Amino acid sequence: MGSHPINLALRFLLEMAALLALGVWGWQKSEGWLRPLLAFGIPVVAAVLWATFRVPGDPGAAPVAVPGILRLIFELGLFALATWSLYSVQAVTLAWIFGTVVVVHYIFSFDRILWLLKQ
């Protein structure tokens, strides 16, 4: 189920929403010249890390190969950080919705989680 097109589309949307949430947090929690730097810089750094550290055999190239458990921890950490970011900027309902959708996505991706744990 983890590689079902609908689940892959949901995963992509969650990744984009996480980057957006991090950018909103950077914008809301800073002022002056730091505001655009954090609003754009944090999502860019997160996206670069997301694309760089991969498990061999996962879709896409693996510039820096990491064990599956490390990748899973990284993914969950980024989604948790995005959820916290939304909560931190007073978007509590949105944080709950985002966090719940992430959990549902990972429930439906149990086969991918098992695969990651074996890598």
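The exchange below goes through several descriptions of this predicted model and the values behind them.

Me: Why are helix 4 and helix 5 called roughly perpendicular to each other?

Reply: Helix 4, residues 92-108, and helix 5, residues 110-118, pack at an angle of about 70 degrees, and since angles of 65 to 115 degrees count as roughly perpendicular, the two helices are therefore given that description. The axes of these two helices lie 4 Å apart.

Me: Which residues make the contact of helix 4 with helix 5, and how do they divide into nonpolar, polar and charged?

Reply: From helix 4 the contact takes Y106, I107 and F108, while helix 5 brings F110, D111 and I113. By class, 5 of the contact residues are nonpolar, 1 is charged and none is polar; Asp is counted as charged, and D111 is one of the residues named for helix 5.

Me: Why does E15 count as buried?

Reply: The relative accessibility of E15 is 16%, and because buried means under 20%, this residue of helix 1 falls in the buried class. Once neighbours within four places in sequence are left aside, the contacts of E15 are with W50 and F79.

Me: What makes S85 a buried residue, and which residues does S85 touch beyond those up to four places away in sequence?

Reply: S85, whose place is in helix 3, residues 68-88, has a relative accessible area of 1%, which is under the 20% limit, so S85 is buried. Not counting residues up to four places away in sequence, S85 touches A21, L22 and W25. A further relation links S85 with A95, which is 10 residues away along the chain, their C-alpha atoms being separated by 7.9 Å.

Me: How much space lies in the largest pocket, and which residues are closest to its centre?

Reply: The largest pocket holds about 380 Å³ of space. Its lining consists of 18 residues, and those closest to the centre are L8, R11, D58, P59 and R112.

Me: Which helix gives the largest share of the lining of the largest pocket, and how do the lining residues divide by class?

Reply: Helix 1 gives the largest share, with 5 residues, and both helix 1, residues 5-28, and helix 5 supply at least two residues each. In the lining as a whole, 7 residues are charged, 6 are polar and 5 are nonpolar.

Technical notes: Residues are numbered from 1 along each chain as its sequence is written. This is a predicted model: local features need pLDDT of at least 70, side-chain atom pairs count only at pLDDT 80 or more; totals for chains, interfaces and linings use all residues. Side-chain values use heavy atoms; hydrogens and water are left out. Axes are lines fitted to C-alpha atoms, for helices over the stretch in contact, and angles run from 0 to 180 degrees between N-to-C directions. Angles under 35 degrees count as roughly parallel, over 145 as roughly antiparallel, 65 to 115 as roughly perpendicular and the rest as oblique. Contact means heavy atoms within 4.5 Å. On a 1 Å grid over the protein atoms alone, a cavity is a set of points where a 1.4 Å probe fits but cannot get out, and a pocket is an open set with protein on both sides within 12 Å along at least five of seven lines; lining residues have an atom within 4 Å of a point. Grid points are joined across faces, edges and corners, and a volume is the space filled by probe spheres set on the points. Buried means under 20% relative accessible area, exposed over 50%, partly exposed in between (1.4 Å probe, protein chains only).
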